[in-house]
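This report looks at how the parts of one protein chain meet. The sequence and structure come first, then the account of the interface.

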Amino acid sequence: MTKATTAWASKRAAAVPGSVFTLMNGAVAQARAAGHRIIDLSIGSSDQSPPEVALEAVRQATLDPFANRYPLFSDTAPLRHSAAAYMARRFGVTLDPETQILPLIGAQEGLAHLLLATTDPGDTLLLPDPCYPPYLGAAAVAGLKVHTLPLLPEYTFLPVLEDVPAGLSPRALLLNYPNNPTSAVASLDFFRAASDWCAARGTLLIHDHPYAELSYAGAEAADVAPSALQAATNSSFEGIVELHSLSKSHHMGGYRVGFAVGDAEVIAALSRVKGAVDFHPWLGIQAAAAAALATVPAGLEVFRSRRDALVPALHALGWQAEWPQASMYVWARPLDEQGRGVQDSVAYAVRAARQTGVALAPGRAFGANGEGYVRFALVQPPELLLEAVRRLADVELEE
Ligand SMILES: Cc1ncc(COP(=O)(O)O)c(C=O)c1O
């Protein structure tokens with residue numbers, strides 16, 4: 001007799017929250033069947049090309065039979081050294097490539113394993129709300145209690161750490177600036193305060209930094225998107241770890257590559273856990289990432305021109321939308337003529353997708369404090385963003 005598949009799901013698997021994007025996919029399929037041309041702004045997957053040097057590194061690796069072996073830790077040296085050079089050049093942070101840097105199969109993989117490597121079931125994780133939804137899944141897999149930190153517009157979408165109850169003893173605090181979904185940025189002073197706060201409590205500071213290079217002010221304006229490691233008081237970066245990704249900054253989302261930097265003890269624990277579950281990325285991908293990190297990231301102008309088209313169009317529609325200083329998103333509150341907002345962002349986004357073929361990410365998908373918002377990913381040219389806004393003008397905010 002065959003058992004129902006659900007009988008095989010562990011408590012851990014069952015605790016991973018489902019995704020509203022499944023619902024969105026259904027709505028998009030209905031719109032397509034009804035003949036709408038889909039404008040998908042729901043997922044932050046860059047539509048631009050990786051740097052030519054990265055493509056060339058992959059081409060070369062395909063011609064090298066030795067590139068196909070299992071990559072050992074020693075094989076990751078070129079990527080670790082390139083990451084060290086990038087961190088020094090970009091943030092003035094000096095890292096030991098042997099002990100303070102580890103390649104990842106993307107920041108998402110890195111975070112899930114980092115939580116397994118540094119926490120025990122029942123520990124408390126401080127998580128922003130709204131946040132990148134896989135954070136909740138990673139916390140569930142690690143069996144963590146989540147204490148949410150509201151990110152509110154009145155505090156420029158920064159958490160108020162003073163509001164964390166005194167008796168909580170959180171094991172880790174997870175931050176992400178430039179932020180998904182709100183596009184908010186945090187200054188180095190904020191990271192210094194967060195780092196002091198964590199140090200005083202024995203809390204690990206985890207900073208997820210995939211949008212490090214997507215600051216519209218340009219890389220030279222380092223304070224718009226600083227590294228949390230800049231807040232460290234010495235070169236051991238005690239209790240601080242940061243996740244970097246090539247997905248957004250270098251348009252290499254499908255390559256699945258990033259790296260972790262920081263406290264050597266944390267990196268060693270992460271390496272130990274990853275050693276039980278994966279090998280390092282294919283050498284061709286590592287070579288591509290190493291080459292890409294040595295370039296000045298391109299494509300920011302493209303995202304900026306899209307932002308500059310979309311935000312005024314949303315304002316003309318009467319919606320509230322901040323001018324993002326960084327990231328590849330616009331976080332907006334749909335408002336009607338009376339200034340009333342959306343009560344159910346999921347129902348609104350599903351309706352908008354079904355009726356117009358425009359797919360947005362509903363704010364509630366990112367947490368309770370995301371309710372009333374939608375997120376636009378700047379992954380289509382300006383003319384399609386404007387077309388999307390024209391279509392959205394016809395969608396009722398409430399059923
Ligand atoms: C905050 C955040 N972290 C991590 C990721 C995933 O990064 P990667 O592609 O390196 O796994 C994303 C992707 O959208 C993100 O927004």
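How much area do domain 1 and domain 2 bury between them? In this predicted model, the two domains bury about 2600 Å² between them, with 63% of that area on carbon and sulfur atoms. On the side of domain 1, Q325, F366 and N369 supply 23% of the area buried against domain 2, more than any other three residues.

The division of the chain behind these values gives domain 1 two segments, 5-49 and 299-392, and assigns 52-293 to domain 2. Between the C-alpha centres of domain 1 and domain 2 the separation is 25 Å. Residues in the contact number 30 from domain 1 and 31 from domain 2.

Polar contacts and salt bridges were counted separately. There are 14 residue pairs in polar contact between domain 1 and domain 2, counting pairs with both residues at pLDDT 80 or more. The number of salt bridges found across the interface is 0.

The elements that give two or more residues to the side of domain 1 that touches domain 2 are α1 (11-15), α10 (300-316) and β10 (329-333). Of these, α10 gives the most, with 4 residues. The table lists that side of domain 1 by residue class.

| Class, side of domain 1 that touches domain 2 | Count |
|---|---|
| Nonpolar | 16 residues |
| Polar | 10 residues |
| Charged | 4 residues |

Taken together, the interface buries about 2600 Å² and has 14 residue pairs in polar contact, with 0 salt bridges found by the rule.

Conventions
Residues are numbered from 1 along each chain as its sequence is written. This is a predicted model: local features need pLDDT of at least 70, side-chain atom pairs count only at pLDDT 80 or more; totals for chains, interfaces and linings use all residues. Side-chain values use heavy atoms; hydrogens and water are left out. Domain bounds come from an automatic or database domain assignment. Contact means heavy atoms within 4.5 Å. Buried area is the accessible area (1.4 Å probe) that two parts lose on being put together, summed over both. A salt bridge is a side-chain nitrogen of Lys or Arg within 4 Å of a carboxyl oxygen of Asp or Glu. A polar contact is a pair of N or O atoms within 3.5 Å; within protein, one must be able to donate a hydrogen and the other to accept it, and residues adjacent in sequence count only if both atoms are side-chain atoms. Ala, Val, Leu, Ile, Met, Phe, Trp, Tyr, Cys and Pro count as nonpolar, Asp, Glu, Lys and Arg as charged, and the others, Gly among them, as polar.
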